[in-house]
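Let's take a walk through a protein fold together, going from its sheet to its core and then to a few backbone details. Keep your viewer open so that you can check each step as we go.

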Amino acid sequence: MRIDKFLNAVNITKRRAVAEDMLEHKVVFINDIAVKKAKEVKVGDIIEIKYLERSDKFKVLQIPTTKSTPKSKMEEYVKKIEG
């Protein structure tokens with residue numbers, strides 16, 4: 001699954017347009033490499049989103065098969081990494 005669709009499907013971003021904007025401004029990294037929206041996400045990848053003063057990291061646990069997932073099931077797809 002493409003990173004822009006993944007961020008939206010697992011509820012990291014509220015809309016795909018927001019995910020695309022973040023990718024365009026190079027604040028989304030997979031395994032420490034800034035990526036474009038067509039980058040494929042794989043199980044085990046570490047996604048990092050760098051904001052102004054903070055950074056959020058997520059480990060991909062599985063790839064969703066549907067376009068969207070309930071927020072209550074977010075933990076099945078990504079695990080937030082503290083640090």
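The paragraphs below go through the sheet, the core, one helix and some individual residues. Please keep in mind that this is a predicted model.

Let's begin with the sheet. Five strands make up an open sheet in the order β2-β1-β3-β4-β5, and their pairing is antiparallel. At the edges you will find β2 and β5 (78-81), each of which pairs on one side only. Moving inward, β1 and β3 are antiparallel partners joined by 3 bridges, and here Ile30 stands opposite Ile47 in β3. On the β4 side, β3 and β4 run antiparallel with 5 bridges between them. These two strands form a hairpin, with 4 residues between them. Two pairs help you to set the register: Ile46 stands opposite Lys59 in β4, while Ile47 has Phe58 as its bridge partner in β4. Ile47 is thus a handy landmark, with Ile30 opposite and Phe58 as a partner in β4.

Now for the interior. In soluble globular proteins, nonpolar side chains tend to be buried together. Here the largest nonpolar core has 19 residues. Which residues have the most contacts inside this core? They are Ile3, Leu7, Ile12, Val28, Ile47 and Ile49. Helices and strands both contribute: α1, α2, β1, β3, β4 (55-60) and α3 (74-77) each supply at least two residues of the core. Ile3 is a good place to zoom in. Apart from neighbours within four places in sequence, Ile3 is in contact with several residues, including Leu23, Val28, Ile30, Val35, Val41 and Ile47. Three lysines are also among the contacts of Ile3, namely Lys36, Lys37 and Lys39.

Helix α2 (residues 16-24) shows how a helix can be placed against its surroundings. Its buried residues are Ala19, Met22 and Leu23. Why do these residues lie on the same side of α2? They cover an arc of only 100° around the axis, and so they share one side of the helix. On the other side of α2, Ala17 and Glu24 are exposed. What covers the buried residues of α2 includes α1 (3-9), β1 (28-30) and β3 (46-50), so do display those elements as you turn the helix.

The backbone has a few points worth checking in a Ramachandran plot. Most residues other than glycine have a negative phi. Asn11 is not a glycine, yet its phi is positive, at about 70°. Asn11 sits in the loop between α1 and α2 and counts as partly exposed, with 22% relative accessibility. Asn31 is another non-glycine residue with a positive phi, about 50°. Its place is the loop between β1 and β2 (33-34), and Asn31 is partly exposed too, with a relative accessible area of 39%. Lys26, which follows α2, also has a positive phi, near 55°.

Finally, take a look at the rings. How many aromatic pairs does the structure hold? The number is 0. Phe29 does have a charged residue over its face, though: Lys50 lies there, at 4.5 Å from the ring centre.

Technical notes
Residues are numbered from 1 along each chain as its sequence is written. This is a predicted model: local features need pLDDT of at least 70, side-chain atom pairs count only at pLDDT 80 or more; totals for chains, interfaces and linings use all residues. Side-chain values use heavy atoms; hydrogens and water are left out. Buried means under 20% relative accessible area, exposed over 50%, partly exposed in between (1.4 Å probe, protein chains only). The arc is that of the directions from the helix axis to the C-beta atoms. Contact means heavy atoms within 4.5 Å. A nonpolar core is a set of buried Ala, Val, Leu, Ile, Met, Phe, Trp, Tyr and Cys residues joined through side-chain atoms within 4.5 Å. Rings of Phe, Tyr and Trp (its six-membered ring) pair if their centres lie within 6.5 Å; planes under 30 degrees apart count as stacked, over 60 as edge-to-face and the rest as tilted. A charge sits over a ring if NZ of Lys or CZ of Arg is within 6 Å of the ring centre and within 35 degrees of the ring normal. Two strands pair if DSSP finds at least two bridges between them.
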